[in-house]
Amino acid sequence: MFKARIVMLLSALLALSPLVADQAEAKTFYWISHGSPADPVWTYFLAGAQQWSQDTGHEVNTSFHNGDVASHQEAVRAAIAAGADGIVSSSPDPGSLVQVAKEANEANIPIINMNTPDPTASFDAYVGGDLVTTGRQWAQYLVDKGHVKSGDFVWMPVEVPGATYGVQEEQGVASVFEPLGITWEVTDATLDQAEVISRMVDYMTANGDNIDAIIGLGDLVTGSIKRVFDQAGFAPGDIPVVGWGNSLDTTREVLSGYVNAAMWQDPLAISYMALSLASMAASGIPPGFDIITGALYEADKAQIYDDILSGE
């Protein structure tokens, strides 16, 4: 009986040993966002990071910085000072993380860029959409579908003026519109959705009759289109709209005809894959590639993304 208990104990210890080893090897990663926790799309980015932590057993420290560049830079430096095994970070403004990325390199800490690319910084890899290409796709969609032509005017609201994502998306739009003589205006709408809706309604009320199309340069603005149209007295389809499509607000706007086409960025997968690359690099396998995501969808595919965002 005693020997049987010893055998059972040894068996139990052997069964536990991989778990103990896994715990001993657990690493700490930092996930740093320029976005706002109030922005619906960033809840999905965050969920991807949390799922990765749950699946791998590694710790992931997350933070949001609401477009505050100094705060974002300090968060990266804090991760370096803490001896992070890896850092995943979006880019708040072009060039804003050049120095801190270099500091991570010098500390031999992998730093992976997600969501908003900045090739001027020495990130080890990028995971997310090609924002210039995304802007080009939106503009080309409007042209190819006959929604805009030479002499037309396109309104492009964005949450944070001068932020990397809007700047690069506008570059892509310009590459299509400029040769065709199509003009546009970018206006800021802040990161507070109530204020976003208020500013957009004001703009639509004052300028709606002169707007030939709308490109939403961020998820908050595109996801506010229905409420803005309803308040400003515009019906679905009165003005063609394209933009980001990473929120339930936007998938349902596409399904109901308020938005013609929207870009799915794969927010959960971006965080998951970026952390995977950081972990791989921390294990001595340098990523010699970027991972580009994104799919433009219309009403016939919108339900797929609505189901994903609904957790169905």
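The points below go through the sheets, the nonpolar core, the enclosed and open spaces, and a few single residues of this predicted model.

1. The first sheet to consider is an open one of 6 strands, arranged in the order S2-S1-S3-S4-S5-S11 and paired in the parallel sense. Its edges are formed by strand S2 (59-64) and strand S11 (291-292), and because each of these has a single partner strand, one side of each is left without a neighbour in the sheet. Within this sheet, strand S1 (residues 28-33) and strand S3 (residues 86-89) run parallel and are joined by 4 bridges. For a reader tracing the register, Trp31 is the residue that stands opposite Val88 in S3.

2. A further open sheet, again of 6 strands, follows the order S7-S6-S8-S9-S10-S12, and here the pairing is mixed. Strand S7 (183-188) and strand S12 (295-297) are its edge strands, each of them pairing on one side only. From one strand to the next, the twist in this sheet averages 15°.

3. Two of the pairings in the mixed sheet can be described in more detail. Strand S6 (residues 153-158) runs parallel to strand S8 (residues 213-216), the two being joined by 2 bridges, and Val154 stands opposite Ala213 in S8. Strand S9 (residues 241-244) likewise pairs with S10 in the parallel sense, over 3 bridges, and the bridge partner that Val242 finds in S10 is Ala261.

4. Strand S10 deserves a separate remark with regard to its side chains. Ala261 and Met263 point one way from this strand, while Ala262 and Trp264 point the other way, and all of these residues are buried. Which elements, S10 among them, give two or more residues to the largest nonpolar core is taken up in the next point.

5. The largest nonpolar core holds 29 residues, and those touching the most other members are Trp155, Met204, Ile211, Ile214, Ile225 and Phe229. Two or more residues of this core come from each of S6, helix H7 (193-207), helix H9 (225-232), strand S10 (261-264) and helix H12 (299-310). The largest share, 6 residues, is supplied by H7. As a general background to this point, nonpolar side chains in soluble globular proteins tend to be buried together.

6. As to enclosed space, the count comes to 1 cavity of 30 Å³ or more, and the volume of the largest cavity is about 200 Å³. Its lining is made up of 20 residues, with His34, Asp39, Trp42, Asn115 and Tyr165 lying nearest the centre. Helix H2 (40-56) and helix H6 (164-180) each contribute at least two residues to that lining, and the largest share of it, 3 residues, comes from H2. Divided by class, the lining of this cavity has 9 nonpolar, 7 polar and 4 charged residues.

7. The largest pocket has a volume of about 160 Å³. Among the residues that line this pocket are Asn113, Pro117, Asp118, Phe123, Tyr126, Gln168, Asp290 and Ile292. By class, the pocket lining divides into 7 nonpolar, 2 polar and 2 charged residues.

8. Two asparagines merit a check of their backbone, given that most residues other than glycine have a negative phi. Asn108, in the loop between helix H4 (98-106) and strand S4 (111-114), has a positive phi, near 60°. Asn115, in the loop between S4 and strand S5 (125-128), has a phi near 70°, which is also a positive value in a residue other than glycine.

9. Are these two asparagines buried or exposed? Asn108 has a relative accessible area of 70% and is therefore exposed, the cut-off for that class being over 50%. Asn115, at 7% relative accessibility, falls under the 20% limit and so counts as buried. Asn115 is also one of the residues lying nearest the centre of the largest cavity.

10. A last residue to note is Thr250, which lies in helix H10 (residues 248-256). With a relative accessible area of 0%, Thr250 is buried. Thr250 and Ala79 are 171 residues apart along the chain, and a distance of 34 Å separates their C-alpha atoms.

Technical notes
Residues numbered from 1 in each chain as written. Predicted model: local features only at pLDDT ≥ 70, side-chain atom pairs only at ≥ 80, totals over all residues. Heavy atoms only, no water. 1 Å grid on protein atoms, 1.4 Å probe; cavity = no way out; pocket = protein on both sides within 12 Å on 5 of 7 lines; lining within 4 Å. Points joined across faces, edges and corners; volume = space filled by probe spheres on them. Nonpolar A, V, L, I, M, F, W, Y, C, P; charged D, E, K, R; others polar. Pairing = 2+ DSSP bridges. Axes fitted to C-alpha atoms, helices over the stretch in contact; angles between N-to-C directions. Core = buried A, V, L, I, M, F, W, Y, C linked by side-chain atoms within 4.5 Å. Buried < 20%, exposed > 50% of the residue type's maximum accessible area, 1.4 Å probe, protein only.
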